[in-house]
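Here is a walk through a structure of several chains, written for someone who would like to know where to look. Keep the viewer open and follow along.

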Amino acid sequence: MNEAWVIILRRDLLLALRRRSDVATTLFFFLIVSSLFPLGIGPEPAVLSSIAPGVLWVAALLAGMLSLTRLFATDFSDGSLEQMLLAPQPLALLVTAKILAHWIVCGLPVVLLAPIIGLQYALPNDALLVLVLALLLGTPALSLIGAIGAALTLGVRGSGLLIALLVLPLYIPVLIFGAGAVAASQHGMSAQAHLSLLAACSLLSLVLAPMATAAALRISVE
Amino acid sequence: MQWASWAAFFNMGGYAFYVWFSFGLTALCLIWEVLALRKRSAQALRLSRLLAQG
Amino acid sequence: MNINWFKYSSPQTFYPLAGRMIPWFAWLATAFAIAGLYIGFAIAPTDFQQGEAYRIIFVHVPAAWMSMVIYIVMAGWAALGLALNARLSAMMAQALAPTGAIFTFIALVTGSLWGKPMWGTWWVWDARLTSELILLFLYLGFIALQSSIDDVRRADRAGALLALVGVVNVPIIYFSVKWWNTLHQGSTISMGAAPKMVATMLIGMLLMALAFWMYTIAVALMRVRCIMLERERSSEWVKQLSGVNS
């Protein structure tokens, strides 16, 4: 059973590696959106550092969401998704392989780029550390919840925007705890509670989202 | 009854706009919903008739 | 009396039954509304702090309650539809959504209209109003998903799953919004700072809530009838209804 899981993971990573555009577009989007806010609001470091937690998290949310439509669509069009549905392994388990690949390709790069963007927003060093930690703990939840949206809207016209409408309200707790963590460390307080809640969100998503995604896939394909 | 006069009632202690707009908007929304459903039902029946005849 | 409930699970038999039920609920709604409005305007006393503006709660709070109750009931019908693979349950969920969205909208606007004279701003990012806003997004997402999927059965089941995912998330979202709100104290003033509840105020709100509830049932039944007409438009019983002589 593990074999199938590893195969799917490796396949997705390989495909993403060949079409390097996925990683690149996510990163560039994150970079561009983060650059828009200072242009719109003004370059004053004090203002920027106060809006930084929210802005960076929203940019991360949106960047991760861009690639969700492709999560199942390519497999659907070449028939490999149906193979997964017919496979003896539980679909929920196979789905986690795809979601992990998505996170590695689209979530992890954001985590790694974030400190650099954080510097542009005049964030102090310990806030930067908390930012990275928070994103590390929170982005898995974003990929997991996003997968449900991707599965529900598979093959639907205008699914890109529709995914956003469905999934962004569900992202709100992660946004609140994530941005709160960074803001707390900026004010010299402990971010531990926020980080724990973030971890809880990811764990809960890990338990529930694959099942919901599998159910959604069956609904969309059959 | 506690209103000195009809004028006082409509005035709502100076908050006439806020109070009456709220109640008015609520009534408007609910009535609109019912009317829209009536129209939808008539259209559905009409379409069915057209399909049967055509 | 042994009622064969499953008889009513087919649209053809449920349609006339629903039609007979609607007037009852419409009359109940009207009666409760008249009673509620009478108490709200004629009996309930003027509030010491908020003057007459507080009377907005007689629509704001019942609308907010309904917006939440309808979402839960909608999710319940959705779950039933998925579990039993029943078309009618899915149609009931679809029928409730727009009404829920409208009440959420009413709650938001009346909340804003209450906030302006009391606290000087048209919008306050307090926990309750913000949660209502997010609930509106959840309703809109449900409606959008159902209307963008062409295949009716897939639309039903996809919407049902989304409603269930939403219902699980609502407590989490509400908790996180409350958390967010308490962290950023300072400028926020809670809409929950309602006037001190005199018994008559509470009774007025409950009566209006009942009125909205009866209204919702009546309107949901109207809408589900429309949905049935639209889905079954080529079937015999609908053609008969539309007056075609076959």
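The report below starts with one chain, moves on to the contacts between chains, and ends with some single residues.

**Chain A as a fold**

Please keep in mind throughout that this is a predicted model. Chain A holds nine helices and zero strands, so its pattern along the sequence reads α-α-α-α-α-α-α-α-α. The radius of gyration of chain A is 18 Å, close to the 17 Å that the globule rule gives for 222 residues, so chain A is as compact as a globular protein of that length. If you line chain A up on its principal axes, the C-alpha trace spans about 55 × 30 × 30 Å. Of the 222 residues in chain A, 49% count as buried. Sequence-distant pairing is also worth a look: among contacts in chain A between residues at least 6 apart in sequence, 80% join residues at least 24 apart.

**Who touches whom**

Two pairs of chains touch, and the pair with the most contacts is chains B and C. Chain A and chain B do not touch, and their nearest C-alpha atoms are 24 Å apart.

Turn to chains A and C. Here 22 residues of chain C are in contact with 20 residues of chain A. On the chain C side, the elements giving two or more residues are α4 (127-148) and α5 (152-183). The largest share, 13 residues, comes from α5(C).

The contact of chains B and C takes 34 residues from chain C and 27 residues from chain B. On the side of chain C that touches chain B, α3 (87-119), α6 (199-231) and α7 (236-241) of chain C each supply at least two residues. The largest share of that side, nine residues, comes from α3(C).

The table sets out the residue classes on the two sides of chain C.

| Side of chain C | Nonpolar | Polar | Charged |
|---|---|---|---|
| Touching chain A | 16 residues | four residues | two residues |
| Touching chain B | 19 residues | seven residues | eight residues |

**A helix pair between chains B and C**

Two packed helices are described by the angle between their axes and the distance between the axes. How do the axes of α2(B) and α3(C) cross? Helix α2 (residues 16-53) of chain B and α3(C) have axes that come within 9 Å and cross at roughly 170°. The two helices, α2(B) and α3(C), are therefore roughly antiparallel to each other.

To find the contact in your viewer, pick out residues of α2(B), including B:Tyr18, B:Phe21, B:Leu25 and B:Cys29. Facing them in α3(C) are residues including C:Ile102, C:Ile106, C:Val109, C:Leu113 and C:Trp114. By class, the residues of the contact of α2(B) with α3(C) divide into ten nonpolar, four polar and two charged.

**The nonpolar core**

In soluble globular proteins, nonpolar side chains tend to be buried together. In this model, the largest nonpolar core has 165 residues. Those that touch the most other members are A:Leu131, A:Ala134, A:Tyr171, A:Ala216, C:Met74, C:Ala93 and C:Leu161. Helix α6(C) gives the most to this core, with 20 residues.

C:Ala93 is a handy place to zoom in. Leaving aside its neighbours within four places in sequence, C:Ala93 is in contact with C:Met74, C:Trp77, C:Ala78, C:Gly81, C:Gly159, C:Ala160 and C:Ala163.

One of those partners, C:Gly81, lies in helix α2 (residues 57-84) of chain C. Is C:Gly81 buried or exposed? C:Gly81 has 23 other C-beta atoms within 10 Å and is buried. Beyond its neighbours within four places in sequence, C:Gly81 is in contact with C:Ala86, C:Ser89, C:Ala90, C:Ala93, C:Asp156 and C:Ala160.

**Two loop residues with positive phi**

Most residues other than glycine have a negative phi, and most peptide bonds are trans. Two residues stand out against that background.

A:Ala122 has a positive phi of about 60° although it is not a glycine. A:Ala122 sits in the loop between α6 (91-120) and α7 (125-152) of chain A. With 16 C-beta neighbours inside 10 Å, A:Ala122 counts as partly exposed.

C:Asn85, also not a glycine, has a positive phi of about 55°. C:Asn85 is found in the loop between α2 and α3 of chain C. C:Asn85 has 12 C-beta neighbours inside 10 Å and counts as exposed.

Definitions and conventions. Residues numbered from 1 in each chain as written. Chains lettered and ligands numbered in written order. Predicted model: local features only at pLDDT ≥ 70, side-chain atom pairs only at ≥ 80, totals over all residues. Helix = DSSP H or I, 4+ residues; strand = E, 2+ residues; numbered from the N terminus. Rg over C-alpha atoms; globule rule 2.2 N^0.38 Å. Buried ≥ 20, exposed ≤ 12 C-beta atoms within 10 Å, placed from the backbone. Contact = placed C-beta atoms within 7 Å. Nonpolar A, V, L, I, M, F, W, Y, C, P; charged D, E, K, R; others polar. Axes fitted to C-alpha atoms, helices over the stretch in contact; angles between N-to-C directions. Parallel < 35°, antiparallel > 145°, perpendicular 65-115°, else oblique. Core = buried A, V, L, I, M, F, W, Y, C linked by C-beta atoms within 7 Å.
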